[in-house]
2 protein chains.
Amino acid sequence: MMDMTIRTARNTRRSDALSRERIVEATVEVLDATGEAGLTVRALTAHLSTGRGAIYHHVANKEELLAAATDDIVGRVTAGTGDDDPERAIRALALGIFDAIDAHPWVGTQLSREPWQPAVFRIWKSVGSQLQRLGVPGPARADAGSALVNYVLGAAAQYAAGARRATSDADRKAYLETLAAQWAQHDPDPIVQDAASQLREHDDREQFRAGVDIFLTGITARR
Amino acid sequence: MMDMTIRTARNTRRSDALSRERIVEATVEVLDATGEAGLTVRALTAHLSTGRGAIYHHVANKEELLAAATDDIVGRVTAGTGDDDPERAIRALALGIFDAIDAHPWVGTQLSREPWQPAVFRIWKSVGSQLQRLGVPGPARADAGSALVNYVLGAAAQYAAGARRATSDADRKAYLETLAAQWAQHDPDPIVQDAASQLREHDDREQFRAGVDIFLTGITARR
DNA sequence: ACACAGTTGGACCGGCGGTCCAATCTTGGA
DNA sequence: TCCAAGATTGGACCGCCGGTCCAACTGTGT
C-alpha cells in the first residue's frame, strides 16, 4: 500500500539486449569466478547489470540455467573427439571431461545431480557410439555404457567436490595431508595406514585414467 | 526495540531429552518421508516438537546432520558384509549400497556431494580390504579401489536422482517411457533410437550388477 | 506519427539456515 | 534440604535466497 517509490527516468533500454546466450555466458562466468554457492540470481543479474525479473523472460528457473551452462561446457568437449580408434576416442572423451571439471568444478557436481539433462545425454551418446564402433554387441553395450558413464560421472563428482574444498594446488595438497593424518590417527587398521600414505602422493588424473583402463579391459575382455 | 512478547509459562523441560542420537534418527525419518528437499531445520524441529535453536547444541549445522544420517544408513550396510570370498563380498557390498539407496534415495545424492565424510570413508575401507584379500597388489589397489568406489557412487547418484523424480515404480516406468520417446523424437541417430528402446526395458539393478562384473573382470584380467 | 507488443527491473513474498538469549530445568556442594 | 551455577530449551530475529508481479519504458510495423 502506498508505494512512494520515485520512478526515476533511468529505465532506459539497454543497448546490448539480454538474450539466453548472453545469460548462459554470464552464468558460466559467475560460476567460474565464485563457485556453485556463488551463483545466485542476485549475483547473476548484478553481473549483467539488470534486474532480477528480467532473466525470467529467457530462462524458466535456476535449474535450467545450470543445465544450460553445463551443456555449454560439455558440448565443447564432446564436439572435439574425432579419433579413429574407438578405444582412444573413449579415453580422450573421459579425460576431456575430467579436464573440463578441473577447469570448472561446478560441472562435476551438476552432472551427477540430474541424469537426464542435455549434457549427460551428450555423454551417453558419445560413449554409446564409440562402444558400437568398438564392436560391443547390443545388450552388452547398454551395460558397458552405463558402467563407463557412471564411473566417469562418479569420479567427476568426487573430484569436483574436492576441488570445491581446496581451490589452489597448494591448498589441495595441504588438505590431503591433513586428511591423511586424520585417517591414520583415527583408525589403526593397516589398510587405512596404507591408504593414507598413498593418498599423500596420488595423482587424481592418473588415477582417473587408470580407472578408465580397468573398465575398458573389463569390456573388451568379455567381448 | 520493545519486545512485547508475552512469555507464557510453557517453557517446561521435555521429559524425553534431546540427544544427538534422537536428532539423527528424526533426520532419517524426515528424509525418508519427505525427501532431501523436505529436510529443513523447521520441519525437523517440528518433528521433534522443539524449537529451532535447540538442535544446534547437538549438531553444528545441516551439513553435519546429513553426513550423520548418511553414515547411519551406510554403517548398517558395511557392517553386514562378512562373506569369505572377497569377490562375492565386493558384489554384496555394492548391491547392499544400491539397495540402501533404493530405500533411501537421499543417501545417493549425499554420498557424492562430499568425498571425505565418514560414510564414504567406510565404503573406501570396505572396498580396500576386500581388494587386498583378492590379492590386488599395493599401487594397483589404489587405482582399483578408486575405480570401484567412483563407479558405485556415480551409479548411486544417478539412480538416486532418478528415484527422486519418480517415486513409485509405475511413475518411474512412465517417466522412462516419456523420456525414451523424447530422445527418439529429438535425435534420429540410430544409436539414440537403440538406446531409447533399451531404456524402456532395462533393469537398473541388473545393469548396476553388470557394471560391477565388468569392473571385476577388468581387475582380475590385469592381475 | 503513433499504438502496441515485447522487454526491463525493482518491490515484494514466503521460506530458508543460523544466531541469540531470556526462561527454565538439573545438579552437586554446603 | 536448599540454592547457586551450569546446561538445555525454544522462539524471536537476521540476512539472504529463488521466484512473481507489474508499472514504466522502449523498438518496430503500419
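Select A:R209 to start: this residue is partly exposed, with a relative accessible area of 30% (partly exposed lies between buried, under 20% relative accessible area, and exposed, over 50%, using a 1.4 Å probe and protein chains only). The model is predicted, so local features need pLDDT of at least 70 and side-chain atom pairs count only at pLDDT 80 or more, while totals for chains, interfaces and linings use all residues. Residues are numbered from 1 along each chain as its sequence is written, chains are lettered from A and ligands numbered from 1 in the order in which they are written, and side-chain values use heavy atoms, with hydrogens and water left out.

Now add A:E206, which forms a salt bridge with A:R209, the closest N and O atoms being 3.4 Å apart (a salt bridge is a side-chain nitrogen of Lys or Arg within 4 Å of a carboxyl oxygen of Asp or Glu). Both residues sit in helix α10 (residues 204-221) of chain A, 3 residues apart, about one turn of the helix (helices, H or I, of at least four residues, and strands, E, of at least two, are DSSP runs numbered from the N terminus). A:E206 is partly exposed too, at 40% relative accessible area.

Next, go to chain B and select B:R76 and B:D72. Their salt bridge has its closest N and O atoms 2.8 Å apart. Both belong to helix α3 of chain B, 4 residues apart, about one turn of the helix. B:R76 is exposed, with a relative accessible area of 54%, whereas B:D72 is partly exposed at 29%.

Then select B:R165 and A:E114. Which chains does this pair cross between? The closest N and O atoms of this salt bridge are 3.0 Å apart, and the pair runs from helix α7 (residues 138-165) of chain B to the loop between α5 (105-111) and α6 (118-133) of chain A. B:R165 is partly exposed at 45%, but A:E114 is buried at 12%.

Stay in chain A and select A:E36, A:R113 and A:R164, which a network of salt bridges links. Over all chains, the whole structure holds 32 salt bridges.

For a residue in a loop, select B:G53, between α2 (41-47) and α3 (62-79) of chain B. B:G53 is partly exposed, with a relative accessible area of 48%. Add B:E21: the two C-alpha atoms are 17 Å apart, though the residues are 32 apart along the chain.

Finally, show the whole of chain A, which has 10 helices and 0 strands. Its C-alpha atoms fill a box of roughly 70 × 50 × 30 Å along the principal axes. Of its 223 residues, 46% count as buried.
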